[in-house]
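Trainee: I should like a close look at a single part of this protein. Please start from one residue and follow its surroundings outward.

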Amino acid sequence: MSKKLFIQTIGCAMNVRDSEHIIAELGQKEDFELIDRYEDADLILINTCSVREKPVQKLFSEIGQFNKKKKAGAKLGVCGCTASHLGEEIIKRAPYVDFVLGARNVSKITDVIHKKGAVEVDIDFDESSYVFSDFRNSPYKAFINISIGCDKQCTFCIVPSTRGEEISIPAELIVNEAKKAAKNGAKEIFLLGQNVNNYGKRFSDSGKNIDFPDLLEMISEIKEIQRIRFTSPHPLHMDDRFLKVFASNEKICKSMHMPLQSGSTKILKEMKRGYTKEWFLDRAQKLRQSVRGVHISTDIIVAFPGESEEDFAQTMDVVEKVKFEQIFSFKYSPRPLTKAALMEQVDPQVASRRLKTLQDRQNEILDEISSKQKGKIYEVYFDELKSGGKIVGRSDNNFMVEVVGSEELLGKIVPVKIVEPKRMVLYGEVVKQTA
Ligand code: SAH
Ligand code: F3S
């Protein structure tokens, strides 16, 4: 009889992909059925995020709840970045946890489920050439890792301490995965890494000479793949060659994530981001000039230690100049193992006010952008069914578009006319094609 597996995934796209890998590996050795009620599961896994403090605080109440209501004999495992960060501390605080599996030890899942008290959190473990078994939540959403870890030392960020040093995955493995995904129905693939445009700086075995633009060109030669997306590139590595390939390769979706973090050159220096406000603006302007209709999204942290009103005004100035199509904005959250946690912190009320100022202004910008979309026609790749006979997808430049429709649109790229644009979603109608 098959065992029942419940897995809860928190955090970034990389965690989503890690969870798929976990499910794939488990399924390779034993018969597991995925379920969505943890009360019925034989194995409960939580794949955690530690980038900000809140999800970490919630972890112990969540696993406490799992423990209270789980089936007798069910096992409970904590995976992901908080597992890497807290390690055996988790079992000390919550002795009912059966095992702890770090973000860089995913391939060991089939071992740890049989070892009560196992803690596998080695951040030097190299999984860059490991070929994971095959599983995807949806055949139409194909995440593919291109590197593990991160070599940057941004002073606010815990990721280098949870995912270890950056190692690129061999290009042939990536291309094979892309081909496999395409064969299974994906027209679009999504390349993942903490620093995708730093690809190729270090492989486990030396002797390769492939960088990110090369990799993009290689993947674009796969006939069945029509669209390529990636996240996150780093503004520091946005050189002219990268922007040229981005602009000229028709399969690369015209949507770029440029994590700004701060618009103040002084704060960027304190963050150790490696670029200035002027460099960022220059790259964004070059993108807007060379790629018609490009969307630029970003991440912004407000109230990093030492951020003055003037520094924050610099961030708002970049927001005004670039007019990002999407901003993921966060209040700075002090993280253990990071330099910024030891610096002088900004008053929490000031932080909340700055976040609100940023988000209010961004909402106005978004309303302006979306109101201009009425009547436009976009090619939309539909990859997700919604309840009530709706289906959603993304335009090439990353607008979320929803239409009335069913399974027959899944995995297809179809022209859609926008009839009712809203801030976050553009509602549209499929354009009837004459044969
Ligand atoms: N490598 C990615 C970042 C991964 S973390 C990149 O360069 O884009 C995702 C985002 O979380 C970061 O871009 C940052 O905006 C935010 N973040 C990271 N650490 C944070 C912290 N301590 N407080 C608040 N936000 C943080
Ligand atoms: Fe974090 Fe900076 Fe790397 S934000 S993931 S240390 S690029």
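Where is the place of Gln261?

Mentor: The place of Gln261 is in the loop between β12 (255–257) and α10. Helices (H or I, at least four residues) and strands (E, at least two) are DSSP runs, numbered from the N terminus. This is a predicted model in which local features need pLDDT of at least 70 and side-chain atom pairs count only at pLDDT 80 or more, while totals for chains, interfaces and linings use all residues. Residues are numbered from 1 along each chain as its sequence is written, chains are lettered from A and ligands numbered from 1 in the order in which they are written, and side-chain values use heavy atoms, without hydrogens or water.

The backbone of Gln261 deserves attention: its phi is positive, about 70°, although the residue is not a glycine. Gln261 also counts as buried, because its relative accessibility is 7%; buried means under 20% relative accessible area, exposed over 50%, and partly exposed in between (1.4 Å probe, protein chains only).

One residue in contact with Gln261 is Phe156, where contact means heavy atoms within 4.5 Å. Phe156 itself belongs to the loop between β8 (147–148) and α6 (159–163). With a relative accessibility of 10%, Phe156 counts as buried. Besides Gln261, and leaving aside neighbours within four places in sequence, Phe156 is in contact with Met271, Arg273, Ile301, Phe304, Tyr332, Arg335, Thr338 and Ala340. The C-alpha atoms of Phe156 and Leu337 are 9.3 Å apart in space, with these positions 181 residues apart in sequence.

From Phe156 the path continues to Arg335. Arg335 is found in the loop between β14 and α13, and at 3% relative accessibility it counts as buried. Not counting residues up to four places away in sequence, Arg335 touches Phe156 and also Ser50, Val51, Arg52, Glu53, Val56, His85, Ile158 and Ala341. Arg335 and Glu364, by comparison, are 29 residues apart in sequence and 32 Å apart in space, C-alpha to C-alpha.

The loop of Gln261 leads to α10, and α10 (265–271) is one of the elements against which the buried residues of α12 pack. The others are α11, β13 (295–302), β14 (326–331) and α13 (348–371). In α12, the buried residues are Asp311, Phe312, Thr315, Met316, Val318, Val319 and Val322. Viewed down the axis of α12, these buried residues fall within an arc of 150°, so they line one face of the helix; the arc is that of the directions from the helix axis to the C-beta atoms.

The pairing of α12 with α11 can be described further. The axes of α11 (residues 277–290) and α12 (residues 309–322) come within 11 Å and cross at roughly 10°. That angle makes α11 roughly parallel to α12. Axes are lines fitted to C-alpha atoms, for helices over the stretch in contact, with angles running from 0 to 180 degrees between N-to-C directions; under 35 degrees counts as roughly parallel, over 145 as roughly antiparallel, 65 to 115 as roughly perpendicular and the rest as oblique. On the α11 side, Lys277, Phe280, Leu281, Ala284 and Arg288 meet Gln314, Asp317, Val318, Lys321 and Val322 of α12.

Directly after α12 comes Lys323, which is placed in the loop between α12 and β14. Like Gln261, Lys323 is a residue other than glycine with a positive phi, here near 50°. Lys323, however, counts as partly exposed, because its relative accessibility is 30%.

Gln362, in helix α13, touches Val319, Phe324, Glu325, Gln326 and Ile327, again not counting residues up to four places away in sequence. At 5% relative accessibility, Gln362 counts as buried.

Two further features may be set beside this region. A cis peptide bond joins Thr231 and Ser232, with omega about -10°, and Ser232 is found in the loop between β11 (227–231) and α9 (240–248). Both β11 and α9 are among the elements that cover the buried residues of α8, as are α7 (171–183) and β10 (188–192). In α8 (residues 212–220), the buried residues are Phe212, Pro213, Leu215, Leu216, Ile219 and Ser220. Seen down the axis of α8, they fall within an arc of 160°, so they line one face of the helix.
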